[in-house]
Amino acid sequence: MKEWSTLMSKNKISRLTGLFLLGLVLLNFPLVNLFGKDQFIFGIPALYIYFLFVWIGMIIATARIVRKK
Amino acid sequence: MSDKPTKVLLVDDEPNILVAIEFLMVQNGFLVEMAFDGVEAIEKAKAFLPDIIVLDVMMPEMDGYEVANHLRQDQAFVNTKIIFLTARGTETDRMNGYGKGAEIYLTKPFDNNQLVSVVQELATYG
Amino acid sequence: MSTSIIIISSLVYLLLLFLIAYLVDAYPKKGKKLVDNPYTYALSLAVYCTAWTFYGSVGKAASPGGITFLCTYIGPVLIAPLWIFILKKIIRISKSQGLTSIADFISSRYGKSTRLGVVVTLVSFFGIVPYISIQLKAVSSSFGILTNEGKEWNEALNNASFYDENAFIIAVILTIFTIFFGTRKLDPNERHGGLVAAIAFESIWKLFAFLAIGIFVTYGIYNGFGDLFSKAYAHPEISSIFSFKESEVDSWTWTWLIILSMTAILFLPRQFHVAVVENKDANYVDKAAWLFPLYLLLINIFVVPIACGGLLQFPGGEVEADNFVLSLPLYYGKDILALIVYLGGLSAATSMVVVAIIALSIMISNNLVIPLLIRTGIVQEQSSGDLSSRLITIRRISIIVIMLVAYIYFKAVGAGFSLVSIGLISFAAIAQFMPVMLGALYWKEATEKGAMAGLLTGAFIWVVTLAIPTMAEVGLLSENIITEGYFGFSVLKPYALFGMESSDHIAHAAFWSLLLNTGMFIGVSLNTVPKQIEITQANLFVDIKKYTKKGSEYELVKREAQYRDIENLLHRFLGKKTAQKILTTYAKSENINLEKLKTANAQLVNLAESHLAGAIGTASAKFLLASVVKEDPISLEEMLSILDETHEVIQYSKALEKKSEELLSTTQQLKAANEQLKNFDRLKADFITTVTHELRTPITSIKALSKILSDNKDLDTDKRTEFLNIIVSESERIARLINQVLDLEKVQSGRTKSDFKVLDFNQLTQLAFKSLKALFKEKNIECITAFPSTELLVEGNADRLTQVVVNLLSNAIKFCDPEEGKVKISLQAESPNLIVLKVSDNGAGIPLEKQQLIFEQFTQLNSQRTGKPAGSGLGLYISQKILKQHRGKISVQSKKNQGATFIASLPLYHK
């Protein structure tokens, strides 16, 4: 692992790994199970809003971590 | 064998020993002179011209062997007999180093009778 | 819609693709701009979305437990951030080693193992063939639906022969397409710029098509998401899409499916190809890491709406959910939209098929066929001929074979399963590469045998839990296998291995295969010893950071070959044109005249090796070159292995050196100790000699005089008395000596140190003086004393200090003038820290040369009184030692005939 600090900062690696783990938790049981079928937000099932936001969140987070030089 | 009394020179840095030897020699009819160190010994020898010298080996400044060497170089003392008084142990090398002719050694503490008989023999047979 | 329109539009579309590819390859400069950028790269990654995505997602979403359709996309989204280092590392390694497929990668890492390459190729082959077959299924069924939009299309869907015709034609077209795209020439790097451009275009098109249908359903048929969803909610069966129901979806399945898709996005041969082999710049990954998830998001937004719309429209399952995307527009008469959708599906399918088959063909030719040919000597014996065309032919044949097998699979099995389930079977096969790949990247101890064991085990379990049961399900094999287990053993039920009941066959298979795969991989790796080449490769892979300089810097000395031989090899395998290009470029850069070149140096040889590797795989290239290169070639890898060994040896010898240094120092210490001991021995001997001499002397006189006394009973009294006195005093002398020796021993052993107390030295000195006063008087010695009135504290031993004072005083008595002895004693504190005792006598003084000696053992001076030495010679020695122990000093000042002054000093004690 110590070789990688020349590839990129350890900081980036740990943040990306952290993002990965966060996503892993967010997009898995039991969190995902929280959204029952009867919940709607603006007429859209809560589950979908949730997925949508986590998904978009991960995209933005990755983009930002990668951009930082 | 001469009728003259034998002259014996006693050399030792220890006066108490000389006291004893002096008594023994006198008791046996020898003429005695005493010296307490090597320098004195040579002086007295030249003056006294002893027949026999009883010579302590371990003396400060000039030890017995040096005295003997010195005297031997003098023609006058070629025939003088020397009895060395030694303490046992460390003198083997020096004895070997010295080694001209058979020398007589007595170790301290010596036996009175032995000392006397040696001197007597030397005196008798030359 | 008429068949002809569909056919024509299909052909037009395909021609468009051809055109794009062709133009990009024909105009490399402009083409490069189009292809070599992160956006095209990210789009090429979207080849991940095949007809499965297009049709199958909706189909899955519309069925019970349908939310799991998302798993296939969540996996890539989750792992995308990790691409930044995992994928980049893979790319770096592949570029530096010239690797052109995942089989090459794995084979190279584990010691350039040919057999491992074979296994990986076979697993890929049997894993991907089903995947290809479902593309065929999708295209042909969509074609079928489109051409039979009327009521009869229901029946048409079930018309087997119709299927066959369509599928076959499509297969043929795709084969031609693939051959065209992938095998026009042999590029050592296996880069196909045109192909990438075409794939990127297809990704745009299929996204567009899917969004089109999605928008149509959501806003065309219904009034937006809200409207659609509320209507769907009204139907309980449909609304189950909106959540996770315990009975339909369990966390086990959800998790395993995500794991499978995470491995798929990395290790699917087509993904490896576009992500690694076709990659121009590793930094593209940075952008792709969020662009690709964005693409996935967009293409998935409308899946559930479409599914809802389809279920609402066609309840009761009269239309296969897979086909909702087509049936809906057709139902509403939107033919053009339907056509667009169909073309979108075609696009998705063709991109998958082409890339997958090309990737597979590279693996088959490089890791299967060529090694076989080389091993059997066929290749080498051919002295004539340009083998590069042979290679192309091998590739083309493999393409045809793959497609053929895919078609057969489609016919035999494909019809019975949904797109998604077969796709997942492929995923499960590819997942077997995960342990081996992770080991390749991060675990140096992974060995070739471990990789073989793991892969074979995983593949075996996959066959047992998925491949065979699926065949049983469609009737190719006995159904008993499923119901009763293999050979009748219920613990060997393919869907419930070892009694583990699982609702989802895929998750079950994935669990067992990966568990045993990883277990065998780790277990065997730990218990086997890697070969040197494996170690070198492991270092190269895992520590790629260290070795990312240009290879030629590291290449070494002993690699030479006849230039003609190298030239020949390049001609045979790369084709004359390519070979010449390579050689002339090299010659130009090195300013060499190729005509006159006799020997190819290490640089050229390595250049040749890397190009050859591109064409025929690294293992084979190495093998071939070895036959041509003289002496043992030391390539970078071998040099590294030598370096490793040397490193070990250096370490070892350094350790040895250290040991021998230690040994040397120990020896020196021993020598010094020995010297000291010898010294002590000598000192001891000297001491003994001296002491015995000192004892012998009084004993001699005692013996002689006693004897005289005993022999001469009538000796006169004077003499008698004299002799007796002498005897007595000599006896005393002996006693004194013995005491002093004992004192010396005590002083030497330093035992006195522990009994230090605080005492008044003033008092002590005065006491000592008092005890000798009688003696002073007896000898008529005048004493002048000067003692202070205060106490002078010191820390020490009273007895010892008294001894010192007595010694000084008695010396003064002994050595002062015999007639008029005068002794001066003065004691005072000279500085805030020092006590000084001065004892002076008026004797003959001590000559300068003796002033040091008197403090040494057994050195005596002659007393003036008796002319003979007095004392044993130890007194001052002992005194000095005692004072030293008390941190004090003693010295003497004396001039001839002017007496002597002894000065003793001690540190003053402060509280």
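Chain C exposes about 39,300 Å² of surface, and carbon and sulfur atoms supply 59% of that area. Please keep in mind as you read that this is a predicted model. Of the 911 residues in chain C, 56% count as buried. The chain holds 36 helices and twelve strands. Among its contacts with a separation of 6 or more, 79% are between residues 24 or more positions apart.

**The two chains in numbers**

Chain B has an accessible surface of about 6,200 Å², with 50% of it belonging to carbon and sulfur atoms. Its secondary structure consists of five helices and five strands, and along the sequence these follow the pattern β-α-β-α-β-α-β-α-β-α. Here are some totals for chains B and C.

| Chain | Residues | Buried residues |
|---|---|---|
| Chain B | 126 residues | 46% buried |
| Chain C | 911 residues | 56% buried |

For chain B, residues 24 or more positions apart account for 63% of the contacts with a separation of 6 or more.

**Nonpolar cores**

Which residues touch the most other members of the largest nonpolar core? They are C:W83, C:F105, C:I306 and C:F433, in a core of 208 residues. Helix α18 of chain C gives the most to this core, with 19 residues. A second, separate core has 44 residues, including C:L744, C:V747, C:L837 and C:I854. As a general background, nonpolar side chains in soluble globular proteins tend to be buried together.

C:I306 is worth a look on your screen. Not counting residues up to four places away in sequence, C:I306 touches C:V58, C:F210, C:I213, C:G214, C:V217, C:F324, C:V325 and C:L328.

**Helix α18 and C:Y342**

Helix α18 of chain C covers residues 335–375, and C:Y342 is found in it. Is C:Y342 buried or exposed? With a relative accessible area of 2%, C:Y342 counts as buried, because that value is under 20%. Leaving aside neighbours within four places in sequence, the contacts of C:Y342 are with C:I6, C:S10, C:Y55, C:V139, C:S142, C:F143, C:L146 and C:L326. The C-alpha atom of C:Y342 is also separated by 8.5 Å from that of C:A209, a residue 133 positions away along the chain.

**Helices α22 and α23**

Helix α22 of chain C runs over residues 433–442, and seven of its ten residues are buried, so the helix is largely enclosed by the rest of the structure. Those buried residues are C:F433, C:P435, C:V436, C:M437, C:G439, C:A440 and C:L441. One of them, C:F433, is also among the residues that touch the most other members of the largest nonpolar core.

Helix α23 of chain C spans residues 448–473. Its 26 residues reach 36 Å from the first C-alpha to the last, close to the 38 Å expected at 1.5 Å a residue. Where is the kink in α23(C) centred? The kink is centred on C:V463 and amounts to about 40 degrees. This helix is mostly covered, with 20 of its 26 residues buried. After α23(C) comes C:G475, whose phi is positive, near 95 degrees.

**C:T40 and C:E732**

C:T40 sits in helix α3 of chain C, which covers residues 38–45. At 9% relative accessibility, C:T40 counts as buried. Apart from neighbours within four places in sequence, C:T40 is in contact with C:L34, C:V35, C:V196 and C:A200.

C:E732 belongs to helix α33 of chain C, which covers residues 717–749. Why does C:E732 count as partly exposed? Its relative accessible area is 45%, and partly exposed applies because this lies between the 20% and 50% cut-offs. C:E732 and C:P698 are 34 residues apart in sequence, and their C-alpha atoms are 9.3 Å apart in space.

**Cysteines**

How many disulfides does the structure hold? Over all chains there are zero. Two cysteines of chain C can be placed by their accessibility: C:C71 is buried, with a relative accessible area of 1%, and C:C308 is buried at 0% relative accessibility.

Key
Residues numbered from 1 in each chain as written. Chains lettered and ligands numbered in written order. Predicted model: local features only at pLDDT ≥ 70, side-chain atom pairs only at ≥ 80, totals over all residues. Heavy atoms only, no water. Helix = DSSP H or I, 4+ residues; strand = E, 2+ residues; numbered from the N terminus. Buried < 20%, exposed > 50% of the residue type's maximum accessible area, 1.4 Å probe, protein only. Contact = heavy atoms within 4.5 Å. Areas by Shrake-Rupley, 256 points an atom, 1.4 Å probe, with all protein chains shown as cover. Expected span 1.5 Å × (residues − 1). Bend = angle between axes of the 7 residues up to and from the residue. Disulfide = S-S within 2.5 Å. Core = buried A, V, L, I, M, F, W, Y, C linked by side-chain atoms within 4.5 Å.
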